[in-house]
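Biologist: Please take a close look at one part of this model for me: the place where the two chains meet. Add whatever helps me judge how far to trust it.

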Amino acid sequence: MLSSYQESIAIFLGVNVLMAFSVYVPTSAGLISLGQAGFMAIGAYASAYLTSRFTAFDVPFGLALFLGGAAAGIVGVLVAAPAVRIRGIYLIIATLGFGEIVRVLFVNFEPLGGASGLSGIQPLTTLSWVVAICLFFFVFLWRLRSTPLGRAFVAIHEDETAAEAMGINLFRTKLMAFGGGAFIAGIAGGLYAHFALFIDPSQFGFSKSAEAFLFVILGGSVNPLGPVAGAIVVTLLPEFLRFLQDWRMSFFAVLLIACAVWRPGGLISYRRAAHP
Amino acid sequence: MVLLQQIINGVMLGSTYALVAIGYSLIFGVLRLLHFAHGEVFMVGAFIALCSVWFLNAGPVLAVVCAAVGCAVLGVVIEFVAFRPVRRRSGGMLAPIVSSLGVGLLLQEVATNIFGADQTRFPPQFEATVYHFGSLFVTSTQLFILATSFGLMLLVHLFISKTKYGLAMRAVAENVDVAGLLGINSNAVVVLTFAVASALGGIAGVLVGFAFSAISPFMGISMTIKGLVVMLIGGLGNVYGAMIGGLVLGIAEVLTVGYLASSYRDAFSFALLILVLLVRPQGLFAGGLRAGH
């Protein structure tokens, strides 16, 4: 079976796949987010609080994960409600700002440990939990593409005005996309917290959001295979590049630039990628 | 009097934000793209200045000049490596974000491997003299920063509004194709824009290095984010908005630290950002490079 090193890599990979899905869902509706780490932090803190501090009730792990995701999803909908009229570059910078605000609020929120973080989280995340949840979301998102909601996402991504003319409720659909992505990020955060066993706000900074964004842009966003491919490449590549030692991130950086030049639509994309 | 002192400190901090944000605005104004490695150019500027002090025994002025020249070259290289190839293949809005994030990672790691991950500082001969005006005090470093950054803002204004190259830049910002038809070499204008923007970013890095004497390979990350915020507050691509936005953010941050808590400093700037986006999404001062003419 897997060694404990391989198992921890596999769990990190699973969390990253979920983070990639959390960017993929809004991206498939044309909403680019560079602040998903904020939702991840909300899910991580909420579920960790439920399992380790809320001892009056013995909250099962699955329920804690779900509630963490739900908390992130609700915040996602609340944030998206005013943000849906913002587009393109404005939305990117706004979500980036949102992620940083969440981080700073957790730094200042002493009941959850403030800047020194929350420790003593129970080690509840197992590889089977991670695999099961990833598979569930993969199948769900794969099937979603042929539902009215999934088609509405694509329609909005391609042309908002035309989508609205076809009778798609832009506001509601965008809220669903953004809230759904936030929900998945919250679940990913919960799994991460119960594996890392210690969380502090600095783990959910801009670099985490940028990483999740890269999974999807590198992998492609035409179907859920793209984010999976992106997450696998970005997570495993540094492991295979250990022989480069201090220069492995540089190699990765060069790869990013090369991908941006030669595969701007992502690794898994149509021959003529239609991108905004 | 405390308030006045805070405002002086805030203007000093804000003027460095303004320099970074002007760079963002120039690049965004001309290319309509975000440059996510601009904070790293800022960081490299600080290290170039540090090297010039170490090896050339440079004073503050020479250190600033070295950083400006070095970063201008770096900016042009970034344009050729990470922006032009992507643009030529019409990579849309997202591919340049990926490639510039890549450049940022690369510069961070190169700086870490050369200088180490810890904070370094300028040698002690750069310790500031303190001037007292009643209960107010201003250091020589602060005066140098204020003079440099406001001098540069004036130069940027003159460059954009009075010179042929500034006119070409505004023309390309207005419409690339029409500018091309009128005989403007838009690729040359883009190269010039990257050089100017990166020189300003590098100088801001030196000034921040002087003021806080905390130079590290990771000092650019928060500047990348804050520069974007300032640009958006001022109105995307609006150079004058970036100047005012930078000063507003600097003063607001210093007042937050003075009257609330230092740990809320960053939250305030992003709250300001979200407020601006909701109330006036086009920024406080709408319009691009051409605004004000």
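**The A–B contact**

Modeller: In this predicted model, 36 residues of chain A are in contact with 39 residues of chain B. On the chain A side, three helices each supply at least two of the touching residues: α4 (88-108), α9 (206-219) and α11 (248-262). Helix α4(A) gives the most, with 13 residues. By class, the side of chain A that touches chain B has 29 nonpolar residues. Another 5 are polar and 2 are charged.

Now the confidence. For the complex, the predictor gives an ipTM of 0.84 and a pTM of 0.88. Chain B has an average pLDDT of 87. In chain B, 96% of the residues score at least 70. Within that chain, confidence is highest in helix α2 (residues 38-56), at a mean of 94. It is lowest in helix α11 (residues 265-279) of chain B, at a mean of 78. As a rule, predicted coordinates should not be read in detail where pLDDT is low.

One residue of chain B can be placed as well. B:Y259 sits in helix α10 of chain B, which covers residues 239-259. B:Y259 counts as exposed because it has 10 C-beta neighbours inside 10 Å, and the cut-off for exposed is 12 or fewer. B:N187 is 72 residues from B:Y259 along the chain. The C-alpha atoms of B:Y259 and B:N187 are separated by 48 Å.

Definitions and conventions
Residues numbered from 1 in each chain as written. Chains lettered and ligands numbered in written order. Predicted model: local features only at pLDDT ≥ 70, side-chain atom pairs only at ≥ 80, totals over all residues. Helix = DSSP H or I, 4+ residues; strand = E, 2+ residues; numbered from the N terminus. Buried ≥ 20, exposed ≤ 12 C-beta atoms within 10 Å, placed from the backbone. pLDDT = per-residue confidence, 0-100. Contact = placed C-beta atoms within 7 Å. Nonpolar A, V, L, I, M, F, W, Y, C, P; charged D, E, K, R; others polar.
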